[in-house]
Amino acid sequence: MKKIAFLLLSLGLSYSGVAQKTKASKTSASTITQASVARVERALAADDMQGRASGTPGGLKAAQFIAGEFKRIGLEPLPGLSSFEQVFPAYEMESGGVQAELNGEPVPAERVLLASGVPQLNWSDKDSQVARVVVIGPEAKVGQALRPLLQPKENLIVLVDPVHTAYFQRFANYFGHSTVRAEKPEPYASVFILSAPSPTPLTYRITATTRINAVQLRNVVGVLPGRDKVKAAEMVVFSGHYDHLGIRPAVAGDSIANGADDDASGTTAVITLAEYFKKKKDNARTLVFAAFTAEEIGGFGSQYFSKQLDPAKVVTMFNIEMIGKVAQFGPKTAFITGYERSDFGKLLQENLQGSPFRFEPDPYTEQNLFYRSDNATLARLGVPAHSISTDQIPTDKLYHSVDDEVESLDLANMTAVIQGIAQSASGIISGQQTPTRIAPESVGQRP
Ligand SMILES: [Zn+2]
């Protein structure tokens, strides 16, 4: 690329696309090396980061590492902040156990799940109106029915039909031991019980304890100010989430969920792209590099981030999520979630002429990936915010397992993906391309 551009210039040809872009700087995407990608990826996915769970020492260590990288690269903190860490409060509810008895029979522990903002819970049907009973029948769309009940506004006993056992178990794995909320929980509880509806008036005794801890969470955000006086007011966000699942039940002696692909790979891309654009020195628009916390536990990091800026000024968001393995379309490809919602993908592809790299629309739309990462928060505010991924998620056995480790990644291909993103972003960085907005009402909640 560099050589061809140089040749065209020396021949005095005006081949505007290539020549102009190269005039600003000699830095091309090929300067993104596998060695630098590997160094960052290995640091983030190392065992000493303990799976980078939000609000844990391992998560803090990862945040400090990323902040150190942003400092080394020479980014600036967000306006109004004195460091790269964007700290915000949250509340962690840690269950101390729940005992339930229905119609005189004890309910096995694996069939009960608690979402509680009450430190001590002691319910009995003998106390009038202590809780309302809700039945999730065999026909119900169980996910949609359960999710809102995780933040109860009244005391609820939720009887979930045994048809939904598999979903209930996944739900329990996800929310089981401790849950985090951005808002202080209200003093109510939902007790979910896997049970057919009671043929007679329900009798019950339920006791539970919950510790409610105030915690601090932190995104890590660095800024590269725009070089054009007017266009500098417009922001382009590059993001990935640095949090992962932390320590999990051990499998073959390994209990650290390293999250090498999910999403140390995307975070590595964010750091690597920051370094690339800093050296390239041709960003008319302001570039914001964000490593989000708390994606895995509810997306609180991107939600807080989105409230600290004016979404109208965010031109687009490249959210990078799981790019460590080769996509189903082959090497040097990646897919874009919500491809048809804006012309983001089409614009990126225009900058890839002459490159072997290409983007495809998300082939797994039934997986709702558009809604399963941090891009959805900004998309709901109208920003053309998409996730770029390579993961073959329907068949990825390592997803959310303790085996998501660096050894399973293809670092050469991952480097090519980051190079592809760098090159494809050139028109948006320079201010020449502006993706169409997403209609906020078209996004809604996850189906
Ligand atoms: Zn992820």
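Guide: A charge sits over a ring if NZ of Lys or CZ of Arg is within 6 Å of the ring centre and within 35 degrees of the ring normal. This is a predicted model, in which local features need pLDDT of at least 70 and side-chain atom pairs pLDDT 80 or more, while totals for chains, interfaces and linings use all residues. Residues are numbered from 1 along each chain as its sequence is written, and side-chain values use heavy atoms, without hydrogens and water.

Visitor: At what distance from the ring centre of Phe-370 does Arg-341 lie?

Guide: Arg-341 is placed over the face of the Phe-370 ring. The separation from the ring centre is 4.3 Å.

Visitor: Which residues are the protein donors of the zinc ion?

Guide: Donors are N, O and S atoms within 2.8 Å of the metal (3.2 Å for Na, K and Ca). Those of the zinc ion lie 2.0 to 2.7 Å from it, and Glu-321 appears twice, each time through OE. With NE2 of one residue and OD of another included, the donor residues are His-241, Asp-262 and Glu-321.

Visitor: What spacing do the donors of the zinc ion follow along the chain?

Guide: His-241 belongs to strand E10 (residues 235-241) and Asp-262 to helix H7 (residues 260-280), so named as DSSP runs numbered from the N terminus, with at least four residues for a helix and at least two for a strand. These two residues are 21 apart and link distant parts of the chain. Written along the chain, the donor spacing is H-x20-D-x58-E.

Visitor: Are His-241 and Asp-262 buried or exposed?

Guide: Relative accessible area decides the class: buried is under 20%, exposed over 50%, and partly exposed in between (1.4 Å probe, protein chains only). His-241 has 1% relative accessibility. Asp-262 has 2%. Both His-241 and Asp-262 therefore count as buried.

Visitor: Which residue does a cis peptide bond join to Asp-262?

Guide: The omega angle of this bond is about -5°. The partner is found in helix H7. The residue joined to Asp-262 is Asp-263.

Visitor: What is the relative accessibility of Ser-265?

Guide: Ser-265 lies in helix H7. Its contacts (heavy atoms within 4.5 Å) beyond four places in sequence are Glu-41, Ala-260, Met-322, Ile-323, Gly-324 and Met-414. Ser-265 counts as buried because its relative accessibility is 0%.

Visitor: What is the phi of Met-322?

Guide: Met-322 is found in the loop between strand E14 (314-320) and E15. At 4% relative accessibility, Met-322 counts as buried. Although Met-322 is not a glycine, its phi is positive, at about 65°.

Visitor: Where is Lys-281 found?

Guide: Lys-281 is a residue other than glycine with a positive phi, near 60°. Its place is the loop between H7 and E13.

Visitor: How many aromatic pairs does the structure hold?

Guide: Rings of Phe, Tyr and Trp (its six-membered ring) pair if their centres lie within 6.5 Å; planes under 30 degrees apart count as stacked, over 60 as edge-to-face and the rest as tilted. Pairs of this kind link Phe-238, Tyr-276, Phe-277, Phe-289, Phe-318 and Phe-344 into a cluster. The number of aromatic pairs in the structure is 13.

Visitor: Which kind of pair do the rings of Phe-238 and Phe-289 form?

Guide: Phe-238 lies in strand E10 and Phe-289 in strand E13 (residues 286-292), so the pair ties together parts 51 residues apart in sequence. Phe-238 is buried at 0% relative accessibility, and Phe-289 is likewise buried at 0%. With ring centres 5.5 Å apart and planes at 15°, the pair is stacked.

Visitor: At what angle are the planes of the Phe-335 and Tyr-364 rings?

Guide: The pair links distant parts of the chain, with Phe-335 in strand E15 (residues 333-336) and Tyr-364 in the loop between strand E16 (358-361) and helix H10 (375-379). Phe-335 counts as buried at 1% relative accessibility, as does Tyr-364 at 6%. The ring centres are 5.6 Å apart, and the pair is edge-to-face because the planes are at 85°.

Visitor: What distance separates the C-alpha atoms of Thr-434 and Leu-347?

Guide: Thr-434 is in the segment after helix H12 (426-429) and counts as partly exposed at 47% relative accessibility. Apart from neighbours within four places in sequence, Thr-434 is in contact with Arg-285, Val-315, Asp-343 and Leu-347. Thr-434 and Leu-347 are 87 residues apart along the chain, and their C-alpha atoms are separated by 8.3 Å.
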